[in-house]
Amino acid sequence: MTLQIVRDWASRFNARGPVGLVNGKAPGGRATLNDLQRQALARIVESGPIPSIHGGVR
C-alpha cells in the first residue's frame, strides 16, 4: 500500500466521514457491453475452451 492511498483515504474520511470510505462506482466511461452481451461472455468463459475448436489447452 502506498502512502498516497492512505492520504486519499484520510482525505475521503475528512470530507465525508466513515461513509467516504465506502467504495462507490468507479469513475470512467460507459460500459462497452450491454447486460445481454456480458451474460453471454460470462457463459463462454465459464464453459471453458472447446478442444476441437481451440486445440490443446494448458
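Select Ile5 to begin: this residue lies in helix H1, where helices (H or I, at least four residues) are DSSP runs numbered from the N terminus. Ile5 is partly exposed, with a relative accessible area of 34%, the class between buried (under 20%) and exposed (over 50%), judged with a 1.4 Å probe and protein chains only.

This is a predicted model, in which local features need pLDDT of at least 70 and side-chain atom pairs count only at pLDDT 80 or more, while totals for chains, interfaces and linings use all residues. Residues are numbered from 1 along each chain as its sequence is written, and side-chain values use heavy atoms, with hydrogens and water left out.

Extend the selection to residues 3-16, which form H1; its 14 residues reach 20 Å from first C-alpha to last, close to the 20 Å expected, that expectation being 1.5 Å times one less than the number of residues. Just after H1, Gly17 takes a positive phi of about 75°.

Next, select residues 35-47, helix H2, whose 13 residues should span 18 Å and whose end C-alpha atoms are 18 Å apart, in agreement. The count of buried residues in H2 is zero, so the helix is hardly covered. Show Asn34 as well, since it caps the N-terminal end of H2 with a side-chain oxygen 3.0 Å from the backbone nitrogen of Leu36. Gly48 follows H2, with a positive phi near 80°.

Finally, colour by pLDDT, the predictor's confidence in each residue from 0 to 100: the chain mean is 85, and 93% of residues reach 70 or more. Among the elements, H2 has the highest mean, 93, and helix H3 (residues 51-54) the lowest, 79.

Terms used:
Helix = DSSP H or I, 4+ residues; strand = E, 2+ residues; numbered from the N terminus. Polar contact = N/O pair within 3.5 Å; in protein donor to acceptor, adjacent residues only side chain to side chain.
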